[in-house]
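I opened a new model today and wanted to get to know it piece by piece. These are my notes, in the order I looked things up.

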Amino acid sequence: MMLFIVFIIFIVLMYNRKQLLYIKEKQLKEAEHQNQLLQKELEKQKSIEQERERISHDMHDDLGAGISALKLQAEFLKQKAKNDDLQSDIDELLKTSEEINLSMREMLWSLNSGNDTLGSFIDYAIQYADNFLKRTKIKLWSESIDIISDTPISTELRRNMFLCLKEAINNAYKHSCAQSLKLSFLQENNVFSMKISDDGVGIQHEHSGGNGLRNMKRRMKEQNGECQILKEGPGTQILFKTTI
């Protein structure tokens, strides 16, 4: 009887051991499968980044050189032109080439994965606002509060936040009659806020439902963020907030 009990215990132990080995083997296979999926995803992301860099370099080398050559030729023609109408047309050509060059630089910045940080976005946003407003009477102020510069952000979020910034600054220039504009950036753990404030006349009723405001709200909604009009006059404050 004793031998039978010992035999049963032995069988149970062997069965449990076999089950444990089976479970461990299954877990190892599952972990290996997950690692393979992760490796494939990393390779995919790397391939996408390499393609972005290739497009960026091609645009810089080909389009950049072409735009620069076009601008030089237009300036040369302007020096030779004696007709006022012709000079005016050449000035328009120069203006168009400069706008194209600016758009290309923005696209290059968007494509560069090395710019996928909060610090890079803020630096570029301030630089853009300064270059835009220095041709106007609006004075620019900026502040950054508790910003961790190397905080990563997605390319899509960075691009959409920048387009919202462009729209808001352009609206302030066209409609606000402001004397000053302030950019405020704030990071609270994983929440990032960008506020654009001006001291102008506020959002007029005919512009309150315009495409610009709708587009900004749509872009932020697509990024699981929000766009709020905090103050409508005198002066306007537009707040963009999202999780990073």
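**Entry 1: the parts list.** Before I count anything: helices and strands here are DSSP runs, a helix having at least four residues and a strand at least two, and they are numbered from the N terminus. Also a note to self that this is a predicted model. With that settled, I counted five helices and five strands in the protein. Reading from the N terminus, I wrote down the order α-α-α-β-α-β-β-α-β-β.

**Entry 2: the whole chain.** I looked up the totals next. The protein has 244 residues, and 31% of them count as buried. It exposes about 16,400 Å², with carbon and sulfur atoms supplying 55% of that. Then I checked contacts between residues with a separation of 6 or more, and found that 71% of them join residues 24 or more positions apart.

**Entry 3: strand 1 to strand 2.** How do strand 1 and strand 2 pair, parallel or antiparallel? I found strand 1 at residues 139–145 and strand 2 at residues 180–188, and they pair in the parallel sense over seven bridges. One spot to look at is Leu140, which stands opposite Leu181 in strand 2. To get from strand 1 to strand 2, the chain goes through helix 4, residues 155–176. I looked up the hand of this β-α-β crossover, and it is left-handed.

**Entry 4: the hairpin.** Strand 3 covers residues 191–198 and pairs with strand 2 in the antiparallel sense, over eight bridges. I noted two pairs here: Glu188 stands opposite Val191, and Ser184 has Lys195 as its bridge partner. Strand 2 and strand 3 form a hairpin, and there are two residues between them.

One of the turn residues caught my eye. Asn189 has a positive phi of about 55°, although it is not a glycine. I had to remind myself that most residues other than glycine have a negative phi. Is Asn189 buried or exposed? It is exposed, at a relative accessible area of 72%.

**Entry 5: more positive phi values.** I went hunting for others. Asn224 also isn't a glycine, and its phi is positive at about 55°. It sits in the loop between helix 5 and strand 4, the latter being residues 226–231. Its relative accessibility is 71%, so it counts as exposed, the cut-off being over 50%. I added Cys177 to the list: this residue follows helix 4 and has a positive phi near 55°.

**Entry 6: strand 3 from its other partner.** Strand 3 also pairs with strand 5, again over eight bridges, and the two run antiparallel. Here Phe192 has Thr242 in strand 5 as its bridge partner. Why is strand 3 largely enclosed by the rest of the structure? Because six of its eight residues are buried.

**Entry 7: the core.** Which residues touch the most other members of the largest nonpolar core? They are Phe121, Leu165 and Phe240, in a core of 34 residues. I listed the elements that each supply at least two residues of this core: helix 3 (118–133), helix 4, strand 2, strand 3, helix 5 (211–222) and strand 5 (236–243). Helix 3 gives the largest share, nine residues.

I zoomed in on Leu165. Leaving out residues up to four places away in sequence, it touches Ala125, Tyr128, Leu183, Met194 and Ile196.

**Entry 8: two helices with a ruler.** Helix 3 has 16 residues and spans 22 Å from its first C-alpha to its last, close to the 22 Å expected. I then looked for its buried residues, and among them are Leu118, Phe121, Ala125, Tyr128 and Phe132. Another reminder for myself: an α-helix has 3.6 residues a turn, so residues three or four places apart point the same way. Helix 4 has 22 residues and reaches 30 Å, close to the 32 Å expected.

**Entry 9: a last glycine.** Where is Gly202? I found it in the loop between strand 3 and helix 5. It is buried, with a relative accessible area of 7%. Gly202 and Thr236 are 34 residues apart along the chain, yet their C-alpha atoms are separated by 5.0 Å.

Note on methods. Residues are numbered from 1 along each chain as its sequence is written. This is a predicted model: local features need pLDDT of at least 70, side-chain atom pairs count only at pLDDT 80 or more; totals for chains, interfaces and linings use all residues. Side-chain values use heavy atoms; hydrogens and water are left out. Buried means under 20% relative accessible area, exposed over 50%, partly exposed in between (1.4 Å probe, protein chains only). Contact means heavy atoms within 4.5 Å. Accessible areas come from the Shrake-Rupley method with a 1.4 Å probe; for residues, only the protein chains shown count as cover. Two strands pair if DSSP finds at least two bridges between them. A crossover is right-handed if, with the strands pointing away from the viewer, the path from the first strand over the helix to the second runs clockwise. A nonpolar core is a set of buried Ala, Val, Leu, Ile, Met, Phe, Trp, Tyr and Cys residues joined through side-chain atoms within 4.5 Å. The expected span of a helix is 1.5 Å times one less than its number of residues.
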